[in-house]
Structures are given as structure tokens and as C-alpha cells.
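Hello,

Here is the structure I promised to pass on to you. Please have a look at it first, and then read my notes underneath.

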Amino acid sequence: MPGRRAASILLLSLIPAAAAAYDGAPFYGYAEEPGGGYPLSLPQTLRATVPVPVARMATRPADTLAELYPALAACWQAPGGLGRPSGGSDDIEITLRLALRRDGSLIGPPRVTYAAGVAGDRRNTLVRGTLDALARCTPVHITPGLGRAIAGRPVALRFVYRPPA
């Protein structure tokens with residue numbers, strides 16, 4: 001048996017390699033095409049920054065990512081007691097990480113991944129107000145096509161609030 005294994009390894013080493021040297025160009029092929037590869041896909045995390053509060057609510061279902069993000073932020077209002085930003089910043093920022101189903105409802109609870117411009121009890125007020133706003137805006141009204149494209153993908157949504165002077 002050891003001789004058979006050695007013979008197999010020798011035969012495999014004599015087969016010419018089909019792979020070409022990498023030339024540095026990006027590959028955009030599909031698995032079904034000659035040469036193999038993988039299909040292009042959306043980034044692992046869909047990201048957006050939305051200045052809040054949003055001026056107006058959407059009147060039709062979101063069909064693109066550019067329409068989805070404001071629709072998710074439309075219910076956000078400055079929580080009472082938030083006050084002015086601290087730490088010399090002009091803005092108050094909070095980022096949520098969430099995932100949606102095809103129907104626009106949340107998959108599990110969203111997570112706060114970043115908050116700046118407030119500290120202590122004001123940070124808790126910001127977090128609670130943002131999570132409550134997201135709960136009011138979901139399920140978000142989306143088209144079936146957008147629902148299929150984003151279902152289960154993580155979304156990082158950054159809200160930026162600049163209090164009036």
C-alpha cells in the first residue's frame with residue numbers, strides 16, 4: 001500500500017497545473033463561466049450614514065439601498081434630555097448593526113456598535129431613543145426585490161445628529 005500512495009503522489013505531480021499566475025487584475029468572473037471564480041456580491045455589511053432627523057417620511061416602498069436608509073431613520077427624533085454634544089464635538093453619533101428579513105422586519109435585536117458625543121446617562125438616553133425609533137420604523141416598507149437582496153445581510157446604520165445652535 002505505501003508504494004501505491006507514493007505512485008499516486010508522483011502521478012499527480014506530473015499533471016500540468018491549469019492555474020495561471022496572478023497578474024494583479026481584479027477578478028469579476030462567475031462560477032459558471034470557463035475559468036471558474038465566484039459571482040459578485042454585495043459587501044458583507046451594508047453601511048450608510050443618515051443625518052437625522054429625516055425631513056420627511058417615504059410615501060412608497062423603498063426599492064434601493066439609498067431609499068432604505070432614510071426609511072429606517074425616518075422615526076428618529078432627538079430624545080428629550082439629550083442636550084448638546086460633549087467632548088468638543090459638533091455632532092452626536094450612534095451606529096446600529098441590524099439585519100432585516102425579506103418583509104422588512106428585524107432579525108433579532110439591533111446592536112449599538114458606536115456612540116459618540118454623549119456620555120453617562122445621556123448616552124443611555126440616546127441608545128434607548130434610537131432603539132425605540134427603529135422599533136417604530138420596522139417593519140420597513142420595502143419592495144420584494146430589495147427584500148430578496150438584503151435579507152439576512154448585516155446593515156450598519158449610522159445616525160448623525162447636529163443639535164440646533
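Below is what I found, going from the overall layout to the sheet, the core and one aspartate.

Please keep in mind that this is a predicted model. The chain has 165 residues, and 35% of them count as buried. Its secondary structure amounts to 4 helices and 4 strands, which follow one another from the N terminus as α-β-α-β-β-α-α-β. If you take the contacts between residues at least 6 apart in sequence, 71% of them join residues at least 24 apart. The accessible surface is about 10,700 Å², and carbon and sulfur atoms account for 57% of that.

Now to the sheet. The 4 strands form an open sheet in the order E1-E4-E2-E3, and the pairing is mixed. At the edges you will find strand E1 (46-52) and strand E3 (111-116), each of which pairs on one side only. From one strand to the next, the twist averages 15 degrees.

Strand E4 (residues 154-161) runs parallel to E1, and 7 bridges join the two. E2 is also joined to E4, here by 8 bridges, but this pair runs antiparallel. Phe-159 is a handy place to see both pairings: this E4 residue is the bridge partner of Val-50 and also of Ile-94. One further bridge links Pro-51 with Val-160 of E4.

Two helices pack on this sheet. H2 touches E1 and E4, and its direction makes about 50 degrees with that of E1. Helix H3 (residues 121-137) touches E2, E3 and E4, at about 45 degrees to the direction of E2.

How enclosed is E4 by the rest of the structure? Largely so, because 6 of its 8 residues are buried.

The core comes next. The largest nonpolar core holds 37 residues, and the members that touch the most others are Leu-68, Tyr-69, Leu-100 and Phe-159. E1, H2, E2, H3, H4 and E4 each supply at least two residues of this core, with the largest share, 6 residues, coming from H3.

H2 deserves a closer look here. Its buried residues are Leu-68, Tyr-69, Ala-71, Leu-72 and Ala-73, and they pack against E1, H3, helix H4 (144-150) and E4. If you want to trace one of them, try Leu-68: beyond its neighbours within four places in sequence, Leu-68 is in contact with Ala-62, Leu-100, Val-140, Ile-142, Leu-146 and Ile-150.

Finally, a residue outside the helices and strands. Asp-91 is found in the loop between helix H2 (65-73) and strand E2 (92-99). Is Asp-91 buried or exposed? With a relative accessible area of 17%, Asp-91 falls under the 20% cut-off and therefore counts as buried.

Which side chain does that of Asp-91 meet in a polar contact? The partner is Arg-162, at 2.7 Å. Apart from neighbours within four places in sequence, the residues in contact with Asp-91 are Pro-85, Ala-116, Gly-117, Val-160, Tyr-161 and Arg-162. Val-160 in that list is the E4 residue mentioned above as the bridge partner of Pro-51.

If you open the model, I would start from Phe-159, with its bridge partners Val-50 and Ile-94, and then move on to Asp-91 and Arg-162 with their polar contact.

Best wishes

How values were computed: Residues are numbered from 1 along each chain as its sequence is written. This is a predicted model: local features need pLDDT of at least 70, side-chain atom pairs count only at pLDDT 80 or more; totals for chains, interfaces and linings use all residues. Side-chain values use heavy atoms; hydrogens and water are left out. Buried means under 20% relative accessible area, exposed over 50%, partly exposed in between (1.4 Å probe, protein chains only). Contact means heavy atoms within 4.5 Å. Accessible areas come from the Shrake-Rupley method with a 1.4 Å probe; for residues, only the protein chains shown count as cover. A polar contact is a pair of N or O atoms within 3.5 Å; within protein, one must be able to donate a hydrogen and the other to accept it, and residues adjacent in sequence count only if both atoms are side-chain atoms. Two strands pair if DSSP finds at least two bridges between them. Axes are lines fitted to C-alpha atoms, for helices over the stretch in contact, and angles run from 0 to 180 degrees between N-to-C directions. A nonpolar core is a set of buried Ala, Val, Leu, Ile, Met, Phe, Trp, Tyr and Cys residues joined through side-chain atoms within 4.5 Å.
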